Amino acid sequence: NIQDWCVSRQLWWGHRIPAYKLQHRNVGNEEEIWVVARNLEEGIRKAEETSGLKYEEDFTLVQDEDVLDTWFSSALFPLVSFGW
């Protein structure tokens with residue numbers, strides 16, 4: 001009864017995925033919106049443009065808790081070194 005297991009999704013170290021989920025303050029709204037941004041401020045701007053809603057008044061953003069796997073993270077070293 002052996003099944004595949006994605007080890008990279010279980011890591012707690014590494015580069016966090018730069019994706020933010022928009023969480024609506026209105027309970028009835030089920031639309032799932034994700035934005036990709038370098039930081040929270042850029043994520044807020046993109047989410048407001050995409051959704052037409054106001055941050056903190058209508059929604060909050062939560063960054064994806066997953067991290068990129070170690071093979072991918074090791075390839076990011078040159079990018080991070082030069083200000084990614």
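D58 sits in the loop between α1 and β3. In this predicted model, D58 is buried yet takes part in no salt bridge. The nearest side chain of opposite charge belongs to R25, and that side chain is 7.6 Å away. A salt bridge requires a nitrogen-to-oxygen distance within 4 Å, so R25 does not qualify as a partner for D58.

What does D58 touch, once its neighbours within four places in sequence are set aside? The contacts are Q23, H24, R25, N26 and L53. Take N26 from that list. N26 belongs to the loop between β1 and β2. In sequence, N26 and D58 are 32 residues apart; in space, their C-alpha atoms are 7.1 Å apart. D58 is buried, whereas N26 is exposed, with a relative accessible area of 52%. The cut-off for exposed is over 50%, so N26 passes it.

The loop between α1 and β3 also holds E56. Its backbone stands out on one count: E56 has a positive phi of about 70° although it is not a glycine. E56 counts as exposed, at 53% relative accessibility. One loop thus offers both a buried acid, D58, and an exposed one, E56.

Now step back to the fold. The chain has three helices and three strands. Read from the N terminus, the order of elements is β-β-α-β-α-α. Strand β1 covers residues 19-24 and β2 covers 33-36. Helix α1 spans residues 40-51. Strand β3 takes in residues 59-63.

How do the strands pair? β1 and β2 run antiparallel and are joined by four bridges. L22 has I33 as its bridge partner in β2. β1 and β3 also run antiparallel, with five bridges between them. Here H24 stands opposite F59 of β3. β1 therefore pairs with both β2 and β3, since at least two bridges are needed for a pair. In a regular strand, side chains alternate between the two faces of the sheet.

Which residues build the largest nonpolar core? There are nine: Y20, L22, I33, V35, A37, I44, A47, F59 and L61. The elements β1, β2, α1 and β3 each give two or more residues to this core. Two of the bridge residues already met, L22 and I33, are among its members. F59, which stands opposite H24, is a member too. In soluble globular proteins, nonpolar side chains tend to be buried together.

L61 gives a view of the packing around one core member. Beyond its neighbours within four places in sequence, L61 is in contact with Y20, K21, L22, L40, G43, I44, A47 and Y55. Y20, L22, I44 and A47 from that list are also in the core.

The next topic is charge. Side chains of opposite charge can pair when their charged atoms come close. How many salt bridges does the structure hold? It holds three. One of them joins K21 and E32, at 3.5 Å from N to O. This pair links distant parts of the chain, with K21 in β1, E32 in the loop between β1 and β2, and 11 residues separating them. K21 is partly exposed, with a relative accessible area of 27%. E32 counts as exposed at 53%.

The other pairs belong to helix α1. E42 and K46 form a salt bridge at 3.3 Å, N to O. Because they are four residues apart in the helix, about one helical turn separates them. E42 counts as buried, at 18% relative accessibility. The cut-off for buried is under 20%, so E42 falls inside it. K46 is partly exposed, at 28%.

E49 and R45 meet in a salt bridge of 3.4 Å, N to O. They too lie four residues apart in α1, about one turn of the helix. E49 is exposed at 58% relative accessibility, and R45 is partly exposed at 42%. Set these pairs beside D58, which is buried with no salt bridge.

Finally, the chain as a whole. It has 84 residues, and buried residues make up 25% of them. The exposed area is about 6700 Å², and carbon and sulfur atoms supply 53% of it. Contacts reach along the sequence as well: among those between residues at least 6 apart, 57% join residues at least 24 apart.

Definitions and conventions: Residues are numbered from 1 along each chain as its sequence is written. This is a predicted model: local features need pLDDT of at least 70, side-chain atom pairs count only at pLDDT 80 or more; totals for chains, interfaces and linings use all residues. Side-chain values use heavy atoms; hydrogens and water are left out. Buried means under 20% relative accessible area, exposed over 50%, partly exposed in between (1.4 Å probe, protein chains only). Contact means heavy atoms within 4.5 Å. Accessible areas come from the Shrake-Rupley method with a 1.4 Å probe; for residues, only the protein chains shown count as cover. A nonpolar core is a set of buried Ala, Val, Leu, Ile, Met, Phe, Trp, Tyr and Cys residues joined through side-chain atoms within 4.5 Å. Lys and Arg count as positive and Asp and Glu as negative; His and the chain ends are not counted.
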